[in-house]
Amino acid sequence: MHNTFIMAGVMGWPVAHSRSPLIHNHWIQQHKCKGAYGLFPVEPGHLDAAIQGIRALGLAGCNITIPHKVDAMKYMDWVDPMALRIGAINTIVRQTDGALHGFNNDGFGYLQSLQEAQPNWRAETGPVAVLGAGGASRAIVVSLIESGATEIRLLNRTRSKADALVQEFGAPVTAFDWSQRHEALAGVALLVNTTSLGMHGQPGLDIDLAQLPETALVSDAIYVPLETPLLQAARLRGNTTVNGLGMLLHQARPAFKAWFGVMPEVSTELRQTIVASL
Ligand code: ATR
């Protein structure tokens, strides 16, 4: 195995904008691995064949991104319990016997990004308010539950989607109407935006932070722009903020470890490389 060239990549549609090649190829060079990480534009109708191709081509594995994260699960020989709970995978690791194992490292990346901003951060510190109930929300909510969050207030424009997550995950999650997002911030230790509001080209989140404690950590899953209107407003009133770049960078670490055998670090240099590409 040691002399083999290790290949991995990301399957998505569209996938051209993905920063994953920059991240993984940075680590490949840094650790002097023999290998490469590429972009695989996979149309939805070709997902089955593309995943079987991991075996056929002898790839070490693949990242899976939009729109394949949910569908890809059914082609796995085994899915990690965390990914099963999230209901989606973002990483495939081919085993020596050819079996394909599915993982979801988005929640890991999110928790790491919080810890990077505030090393003593603990999920059980206080209530959490989560805005949004889509794919990113599921990964973040599951990771918060697994790390011991005792109260997660879930607010989504479409209330039924928040209710469905409460049904599925049970306590500690409770659903609120989108119109309650301002007062739901009272007493929270962490506020997370997982909606697309505030993303480049989209309107900002319309939320009044008056009830939010100044000690609360405020995070956004968005990384373009690095500082969303939400994070700017939070910073200006004294809250510690965490943008989505850390989640993106840290979710890649366990995948790189699985494929290339080294747990890489998120260095200032890597961060600068990615920021320069945004
Ligand atoms: P992701 O995988 O990034 O989480 P997603 O699954 O499409 O993307 O979820 C998008 C989230 O942003 C949803 O919670 C969505 O709310 P709805 O469930 O009501 O659609 C939220 N969202 C998108 N546009 C929004 C808007 N204009 N106002 C409020 N929430 C919005």
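Contact here means heavy atoms within 4.5 Å, a cut-off worth keeping in mind whenever a helix is said to touch a strand. With that in hand, let's walk through this predicted model, taking its two sheets in turn and finishing with its largest pocket.

Start with the sheet whose strands run in the order β9-β8-β7-β10-β11-β12. This is an open sheet of 6 strands, and the pairing is parallel. At its edges stand β9 (173-177) and β12 (240-242); each has a single partner strand, so one side of each is left without a neighbour in the sheet. Ignoring direction, neighbouring strands here are turned by 20° against each other on average. For a look at one pair, find β7 (residues 128-131) and β10 (residues 190-193), which are joined in the parallel sense over 4 bridges. Within β10, N193 is the bridge partner of L131.

Now add the helices to this sheet. Helix α5 lies across β7, β8 (152-156), β9 and β10, and runs at about 170° to β8. Helix α6 (residues 159-169) also packs on the sheet, where it touches β8 and β9. The direction of α6 makes about 170° with that of β9.

The other sheet to visit is open too, with 6 strands in the order β2-β1-β3-β5-β6-β4, but its pairing is mixed. Its edges are β2 (35-41) and β4 (78-79), and because each has a single partner strand, one side of each is left without a neighbour in the sheet. An antiparallel pair is found at β3 and β5 (residues 91-94), which are linked over 3 bridges; there, G61 stands opposite V93 in β5. Helix α8 packs on this sheet and touches β1, β2, β3 and β5, with its direction at about 15° to that of β5. Helix α1 (residues 20-30) lies across β1 (6-12), β2 and β3, running at about 170° to β2.

Finally, where is the largest pocket lined from? Its lining draws at least three residues from each of domain 1 (6-104 + 251-277) and domain 2 (107-243). The pocket holds about 1,500 Å³ of space and is lined by 46 residues, of which I66, K69, A136, M199 and A221 lie nearest its centre. The elements that give two or more residues to this lining are β3 (61-64), α5 (135-146) and α8 (245-260). The largest share, 5 residues, comes from α5, the helix that lies across β7, β8, β9 and β10. Sorted by class, the lining has 20 nonpolar, 20 polar and 6 charged residues.

Definitions and conventions
Residues numbered from 1 in each chain as written. Predicted model: local features only at pLDDT ≥ 70, side-chain atom pairs only at ≥ 80, totals over all residues. Heavy atoms only, no water. 1 Å grid on protein atoms, 1.4 Å probe; cavity = no way out; pocket = protein on both sides within 12 Å on 5 of 7 lines; lining within 4 Å. Points joined across faces, edges and corners; volume = space filled by probe spheres on them. Nonpolar A, V, L, I, M, F, W, Y, C, P; charged D, E, K, R; others polar. Domains from an automatic or database assignment. Pairing = 2+ DSSP bridges. Axes fitted to C-alpha atoms, helices over the stretch in contact; angles between N-to-C directions.
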